[in-house]
Amino acid sequence: MRLRVEFTTEPFDLDEAPPHALVAREVIEAAELDAVDVGPFGNTAEGGADAVLGAVDALLRKTLAAGATRVSLQVNVVGAVEEGDK
């Protein structure tokens, strides 16, 4: 199945990206996901279930370790398994 994750990390800093936000970007960009959109107020990515769930695990662990005080996320099923999805 295909999943979409939407997430934000806090606290926000409008002047400079905080370390936890940079870590979140690194985790999502390094994962085997597609349709990645990283922005200042929200981030989305899609991929196969295993890839998304693995990325969410890494995202939570690494952003909290980097100083995030809150991670808000939503995971939606957006499609059935397609050839090549994991």
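Start by selecting Arg2 and Asp34: their side chains meet in a salt bridge, 2.8 Å from N to O. Arg2 sits in strand 1 and Asp34 in strand 2, so this pair ties together parts that are 32 residues apart in sequence. Bear in mind as you click around that this is a predicted model.

**Stop 1: the charged network**

Keep Arg2 on screen and colour strand 1, which covers residues 2-10. Is Arg2 buried or exposed? Arg2 is buried, because its relative accessible area is 10% and the cut-off for buried is under 20%. Its partner Asp34 counts as partly exposed, at 36% relative accessibility. If you have polar contacts switched on, the side chains of Arg2 and Asp34 should show up there too, at 2.8 Å.

Now add Glu46 to the selection. Glu46 also forms a salt bridge with Arg2, and here the closest N and O atoms are 3.2 Å apart. Glu46 belongs to strand 3 (residues 43-48) and Arg2 to strand 1, so the pair links distant parts of the chain, 44 residues apart. Both Glu46 and Arg2 are buried.

Next, bring in Arg4. Arg4 forms a salt bridge with Glu46, with the closest N and O atoms 2.8 Å apart. Once again the pair links distant parts of the chain: Arg4 is in strand 1 and Glu46 in strand 3, 42 residues apart. Hover over each end and compare: Arg4 is partly exposed, with a relative accessible area of 27%, while Glu46 is buried at 15%. With these residues shown together, you can see that salt bridges sharing partners join Arg2, Arg4, Asp34 and Glu46 into one network. As background, side chains of opposite charge can pair when their charged atoms come close. How many salt bridges does a search of the whole structure find? The search finds four.

**Stop 2: two backbone details**

While strand 2 is in view, select Ala35. Ala35 is placed in strand 2, residues 34-38. Check its backbone angles: phi is near 55°, a positive value in a residue other than glycine.

Then go to Glu10 and Pro11 and show the backbone as sticks. What kind of peptide bond joins them? The bond is cis, with omega at about 10°. Pro11 is found in the loop between strand 1 and helix 1, which leads on to the next stop.

**Stop 3: helix 1 and its two sides**

Select residues 19-30, the twelve residues of helix 1. From first C-alpha to last, helix 1 reaches 16 Å, close to the 16 Å expected at 1.5 Å a residue. Colour its buried residues, which are His20, Val23, Ala24, Val27 and Ile28. Now turn the view so you look down the helix axis: the buried residues fall within an arc of 130°, so they line one face of helix 1. Give a second colour to the exposed residues Pro19, Glu26, Glu29 and Ala30, carried on the face turned away from the buried side.

Zoom in on Val27, which is in helix 1. Val27 counts as buried, at 10% relative accessibility. Add Ala58 and draw a distance between the C-alpha atoms: Val27 and Ala58 are 31 residues apart along the chain, yet these atoms are separated by 6.9 Å.

**Stop 4: a nonpolar patch on the surface**

Switch on the surface and select Leu60, Leu64, Leu73 and Val75. Together they make a nonpolar surface patch of about 290 Å². Which elements supply at least two residues each? They are helix 2 (49-65) and strand 4 (70-79).

Take one residue from each element. Leu60 lies in helix 2 and counts as partly exposed, at 31% relative accessibility. Val75 lies in strand 4 and is also partly exposed, with a relative accessible area of 35%.

For the last selection, keep Val75 and add Phe7. Their C-alpha atoms are separated by 8.8 Å, although Val75 and Phe7 are 68 residues apart along the chain.

Methods: Residues are numbered from 1 along each chain as its sequence is written. This is a predicted model: local features need pLDDT of at least 70, side-chain atom pairs count only at pLDDT 80 or more; totals for chains, interfaces and linings use all residues. Side-chain values use heavy atoms; hydrogens and water are left out. Helices (H or I, at least four residues) and strands (E, at least two) are DSSP runs, numbered from the N terminus. Buried means under 20% relative accessible area, exposed over 50%, partly exposed in between (1.4 Å probe, protein chains only). A polar contact is a pair of N or O atoms within 3.5 Å; within protein, one must be able to donate a hydrogen and the other to accept it, and residues adjacent in sequence count only if both atoms are side-chain atoms. Patches are made of residues with over 30% relative accessible area and no salt bridge: like charges are joined within 9 Å, nonpolar side chains (Val, Leu, Ile, Met, Phe, Trp, Tyr) within 5 Å. Accessible areas come from the Shrake-Rupley method with a 1.4 Å probe; for residues, only the protein chains shown count as cover. The expected span of a helix is 1.5 Å times one less than its number of residues. The arc is that of the directions from the helix axis to the C-beta atoms.
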